[in-house]
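Visitor: Let us walk through this structure together. I will ask, and you reason aloud.

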Amino acid sequence: MSAPTLGNRAARRLFLDRHALAEQPVGPARGQNLYDLIHRLGFVQLDSINTLARAHDMILFARRPTYRPGNLKRLYERDRMLFEHWTHDAAVIPMAFYPHWQLRFRRDAVRLKRQWRSGRREGFERQFRSVLQHIRDHGPVCSSDVGQDEKKGSGGWWDWHPSKTALEYLWRSGALVVIGRDGFRKRYDLTERVMDVAAESPEPGDTIDWLCHAAIDRLGFATSGEIARFWDTVTTQEARDWCARALERGSLIEVDIQGHDGRSRRCLARPDVFDGAEDVPVPPGRMRILSPFDPALRDRSRTERLFGFHYRIEVFVPADLRKYGYYVFPLLEGDRLIGRIDVKAQRECQSLCVTALWPERGVRWSDARTRRLMAELDRVRRFAELDDIRMAEGWLREPG
């Protein structure tokens with residue numbers, strides 16, 4: 001059965017608009033304005049890697065160059081307008097969404113207990129009561145404040161001592177909240193001391209309905225699987241059933257989305273998707289360095305279909321097997337992803353250092369593009385509080 005088709009350029013622009021990358025990157029980026037931006041995106045992923053700046057800071061800076069890391073910290077830790085939990089990974093999320101995380105807490109309580117009994121060192125369940133009592137008696141804690149007599153792990157990131165695992169489980173299942181971070185170490189407190197735990201919890205069906213509506217509105221168009229993966233709480237079958245009901249009611253329609261290669265993929269969208277695509281502004285031509293964890297890039301397969309941009313982060317790839325580098329940033333120009341750049345902050349010399357830039361195939365690198373690149377590098381330099389920019393010899397490489 002045929003469906004109307006949304007062309008590739010219109011689809012890219014609509015997608016970028018839903019991710020706040022179609023308009024000029026200007027405007028205030030603190031307080032309510034910053035909250036509104038995060039609400040629009042749905043969440044901002046947190047990540048500890050800091051070769052240039054933290055992922056969450058790069059995500060917000062790409063959309064509002066006036067943003068500075070302290071703005072998010074105040075919104076989260078002082079104003080309590082955000083909370084931290086998981087979508088597909090750890091993220092800061094608008095506090096208005098907190099009631100709908102009750103379903104996530106319940107599901108994580110079952111899923112993680114099952115997984116961690118075989119995947120973590122045993123004994124974490126026996127620490128629940130003592131960890132909660134310690135926080136009740138002494139106030140918020142970091143993982144180093146509990147389990148001090150327990151053997152610390154040496155087997156990698158997830159080889160936690162039992163009390164650390166208990167902390168994470170109690171947070172993921174809702175008994176604790178993360179109230180902030182010292183450096184990048186989480187500080188945990190009792191949910192009852194921070195949140196209004198007496199507030200009514202939505203019914204699971206209401207939360208599933210809210211999550212699916214919120215996902216399609218932030219994606220613009222999607223398959224049922226992409227709707228499920230957006231928050232990573234709704235199951236694939238629940239999203240499929242929700243989409244079937246929405247199609248029957250007429251609140252969604254089928255639409256073919258043309259990919260970068262000309263092939264189409266059947267998706268779902270709001271009935272006014274074509275009107276919405278016509279109203280989207282033409283994305284600005286300036287160049288922007290995006291975090292590898294930017295919301296517009298989190299679904300690598302979708303990015304490749306829409307933009308023809310194949311991206312895999314190589315942090316966990318052995319150095320001699322990397323094609324590009326440890327932590328390479330995608331480059332956005334207008335409505336195209338035009339390349340990737342290996343750039344990092346060298347704090348010992350206070351320099352922003354560019355090792356290499358690989359244009360995408362078919363992108364002609366001109367003097368004008370170099371000027372746009374240097375303008376963006378200078379913005380990033382000031383954001384990272386560095387003194388100068390250093391370009392390695394032979395930085396412009398052959399297309400990737």
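Visitor: Which residue in β4 stands opposite Val44?

Guide: This is a predicted model. β2 and β4 (residues 90-94) run antiparallel and are joined by 2 bridges. In that pairing, the residue of β4 opposite Val44 is Val92.

Visitor: Which helix packs on the sheet, and what angle does its direction make with that of β4?

Guide: The helix spans residues 31-41 and touches β2, β3 and β4. It is α2, and its direction makes with that of β4 an angle of about 115°.

Visitor: In what order do the 3 strands of the open sheet lie?

Guide: The pairing is antiparallel. β2 (44-45) and β3 (82-86) each have a single partner strand, so they stand at the edges, and one side of each is left without a neighbour in the sheet. The order is β2-β4-β3.

Visitor: Which residues of helix α4 are buried?

Guide: Helix α4 covers residues 69-78. Its buried residues pack against α2, α3 (55-63), β3, β4, β5 (176-182) and β6 (185-190). Buried here means under 20% relative accessible area. The residues are Asn71, Leu72, Leu75, Tyr76 and Glu77.

Visitor: Which residue with a positive phi follows α4?

Guide: The phi in question is near 55°. The residue that follows α4 with this value is Arg80.

Visitor: Where is Asp232, and is this residue buried or partly exposed?

Guide: Asp232 has a positive phi of about 60°, although it is not a glycine. Asp232 sits in the loop between α10 (224-231) and α11 (236-249). Its relative accessibility is 40%, so Asp232 counts as partly exposed.

Visitor: And Glu385: is this residue buried or exposed?

Guide: Glu385 also carries a positive phi of about 60° without being a glycine. Its place is the loop between α14 (367-383) and β14. The relative accessible area is 63%, and the cut-off for exposed is over 50%. Glu385 is therefore exposed.

Visitor: Which residues does Ile389 contact, leaving aside its neighbours within four places in sequence?

Guide: Ile389 belongs to strand β14 (residues 388-391). Its relative accessible area is 24%, so Ile389 is partly exposed. The contacts are Leu352, Met374, Leu377, Asp378 and Arg381.

Visitor: Asp378 is in that set. Which residue forms a salt bridge with Asp378?

Guide: The partner lies in helix α14 along with Asp378, 4 residues apart, about one turn of the helix. An α-helix has 3.6 residues a turn, so residues three or four places apart point the same way. The closest N and O atoms are 3.4 Å apart. The partner is Arg382.

Visitor: How exposed are Asp378 and Arg382?

Guide: Asp378 has a relative accessible area of 26%. Arg382 is at 43%. Both values fall between the cut-offs of 20% and 50%, so Asp378 and Arg382 are each partly exposed.

Visitor: How far apart in sequence are the parts that the Glu23 and Arg40 pair ties together?

Guide: Glu23 and Arg40 form a salt bridge, with the closest N and O atoms 2.8 Å apart. Arg40 is partly exposed, at a relative accessible area of 29%. Glu23 lies in the loop between α1 (8-18) and α2, and Arg40 in helix α2, so the pair ties together parts separated by 17 residues.

Visitor: Which residue forms a salt bridge with Arg117?

Guide: Arg117 is exposed, with a relative accessible area of 53%. Its partner is partly exposed, at 29%. The closest N and O atoms of the pair are 2.8 Å apart. The partner is Glu125.

Visitor: Which residues are linked with Asp335 in a network of salt bridges?

Guide: The structure holds 33 salt bridges. One network includes Asp335. Linked with Asp335 there are Arg9, Arg12 and Arg13.

Visitor: Which side chain of opposite charge is nearest to Asp342?

Guide: Asp342 is found in strand β12 (residues 336-346). Asp342 is buried yet has no salt bridge. Its contacts beyond four places in sequence include Tyr324, Cys353 and Trp358. The nearest side chain of opposite charge is 4.6 Å away, while a salt bridge needs the atoms within 4 Å. That side chain is Lys344.

Definitions and conventions: Residues numbered from 1 in each chain as written. Predicted model: local features only at pLDDT ≥ 70, side-chain atom pairs only at ≥ 80, totals over all residues. Heavy atoms only, no water. Buried < 20%, exposed > 50% of the residue type's maximum accessible area, 1.4 Å probe, protein only. Contact = heavy atoms within 4.5 Å. Pairing = 2+ DSSP bridges. Axes fitted to C-alpha atoms, helices over the stretch in contact; angles between N-to-C directions. Lys, Arg positive; Asp, Glu negative; His and termini not counted.
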